[in-house]
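Let's take a friendly walk through this structure, stopping at the ligand, the spaces inside the protein and a few individual residues. Have the model open as you read.

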Amino acid sequence: MAGRLNGRNAVVTGAGRGIGRAVALALAEEGANIVVCDSGGTTAGSGVDHAPADQVADECRRFGALAVAHYGDVANFRAGAEMIGKCVETFGRIDILCNVAGIDRPRMIFNMSEEDWDRVIGVHLKGTFNLTRHASAAMRQQRYGRIVNVSSDAWLGIGGGGQTNYCAAKGGIASFTYAVAREMGKYGVTCNAITPNAGTRMSQAPETLAGFAKRVEAGLMRPDEYELLISAPPPEQMAMIVAYLCSEAASHINACVFGASGDMLSYWTPPVQSIRVMRNCKRDGRWTWEEVERHLPTVLSSYINPAPIKEK
Ligand SMILES: NC(=O)c1ccc[n+]([C@@H]2O[C@H](COP(=O)([O-])OP(=O)(O)OC[C@H]3O[C@@H](n4cnc5c(N)ncnc54)[C@H](O)[C@@H]3O)[C@@H](O)[C@H]2O)c1
């Protein structure tokens, strides 16, 4: 144990399995105390099981860290408060929050139920808000904090197809990360996000892989994207990237989204307005149909339609 997080206390959601577990262990390996939060359900988010969180808390203790489990649902505002409260009450304060918990309920938009939409948005986006809301109040008071959220390549609809709920949630998390970072930076609190690629239950379950294969067949996913997903290295190989972002060494890194996997670290440039046409509306009034038609080819000069119409 290198001890670079000695004396720091962390809440990690989704820490019972996959990426969350690997992150909790990396933080514990560096000396942090951990609240291991996981409700233990299926990939679709049903059911409750205490075993994954209990097991990871045990594994954290083997590094000499203090660890306690919480089995609440991150989508519940009160449960989020309890998770942060448990860290403060048990360890004295909260320094680190990693919002990793997630589920997947893929359906094409025309088949998606309201429940599948609400639950995916609830766990990912509202869950990230719930924990961040409560942690940020404590972090602001102490003028120190590290928040790492988990977005996805899906945040810009990349690789999407049957995942509009998930893409919307992950895009929301990226946007939320930028906004929190700007609000909290002045208090010594950083907020960053990762878009991981790791072999986990969620990414490599047989039904998930079958879904990816269907997307390739339907032209919704490129074969190279598919290859990247099915050959993803285990989450333990990328977890130290998150641990680094949770350290004092990363005090200057705020409002960043990183691609993170065992074989890659990258930085996502935030979306920018690329080509802009300016006009004087005070003088010329509203846009006319003809003007729109004239200027669109300029602003779209490097654009490619990702989903052109397909003849039956
Ligand atoms: N694996 C990848 O390549 C990949 C890629 C992009 C994004 N992600 C994101 O990474 C995160 C972790 O995914 P993973 O691949 O490790 O999946 P996973 O299924 O292995 O782990 C997710 C964990 O979150 C827990 N969880 C789910 N809903 C919860 C809730 N409401 N409250 C508390 N805990 C809950 C589950 O019990 C599970 O242990 C997710 O947000 C996922 O969307 C993963």
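## Around the ligand

A residue counts as near a molecule if one of its heavy atoms lies within 4 Å of it. Please keep in mind that this is a predicted model. With that cut-off, 30 residues surround the ligand. The closest are Ile19, Asp38, Asp73, Tyr166 and Thr200.

Which atoms of Ile19 and Asp73 come into play here? For Ile19, a polar backbone atom lies 2.8 Å from an oxygen atom of the ligand. For Asp73, a polar side-chain atom is found 2.8 Å from a nitrogen atom of the ligand. Lys170 also takes part through its side chain, with a polar atom 2.9 Å from an oxygen atom of the ligand.

## The enclosed space

How many cavities of 30 Å³ or more does a search of the whole structure find? The search gives one. The largest cavity holds about 40 Å³ of space.

Its lining is made up of Thr13, Val74, Asn99, Val100, Ala101, Val123, His124, Gly127, Thr128 and Leu131. Helix H4, which covers residues 114-142, supplies the largest share of that lining, with five residues. By class, the lining of the largest cavity has five nonpolar residues, five polar residues and no charged ones.

## An open pocket

Next, turn to the second largest pocket, which has a volume of about 860 Å³. It is lined by 32 residues, and those closest to its centre are Gly157, Ile158, Leu220, Pro306 and Ala307. How does the lining of this pocket divide by class? There are 20 nonpolar residues, nine polar and three charged.

## Glu59, in a helix

Glu59 belongs to helix H2, which runs over residues 51-61. Is Glu59 buried or exposed? Its relative accessible area is 17%, and because buried means under 20%, Glu59 counts as buried.

Have a look at what lies around this side chain. Leaving out residues up to four places away in sequence, Glu59 touches Arg21 and Leu25. With Arg21 there is also a polar contact between the two side chains, at 2.7 Å.

## Leu229, partly exposed

Leu229 is part of helix H8, residues 223-230. Its relative accessibility is 22%, so Leu229 is classed as partly exposed, the range between 20% and 50%.

Not counting neighbours within four places in sequence, Leu229 is in contact with Asn197, Gln204, Phe212 and Met221. You can also trace a link back to the ligand site: the C-alpha atoms of Leu229 and Thr200 are separated by 10 Å, with their positions 29 residues apart along the chain. Thr200 is one of the closest residues to the ligand.

## Arg276, in a loop

Our last stop is Arg276, in the loop between strand S8 (264-267) and helix H10 (281-284). Why does Arg276 count as exposed? Its relative accessibility is 57%, and the class applies because exposed means over 50%.

The side chain of Arg276 makes a polar contact of 3.3 Å with the side chain of Gln273. Leu300 is 24 residues from Arg276 along the chain, and the C-alpha atoms of the two are separated by 9.8 Å.

Key. Residues numbered from 1 in each chain as written. Predicted model: local features only at pLDDT ≥ 70, side-chain atom pairs only at ≥ 80, totals over all residues. Heavy atoms only, no water. Helix = DSSP H or I, 4+ residues; strand = E, 2+ residues; numbered from the N terminus. Buried < 20%, exposed > 50% of the residue type's maximum accessible area, 1.4 Å probe, protein only. Polar contact = N/O pair within 3.5 Å; in protein donor to acceptor, adjacent residues only side chain to side chain. Contact = heavy atoms within 4.5 Å. 1 Å grid on protein atoms, 1.4 Å probe; cavity = no way out; pocket = protein on both sides within 12 Å on 5 of 7 lines; lining within 4 Å. Points joined across faces, edges and corners; volume = space filled by probe spheres on them. Nonpolar A, V, L, I, M, F, W, Y, C, P; charged D, E, K, R; others polar.
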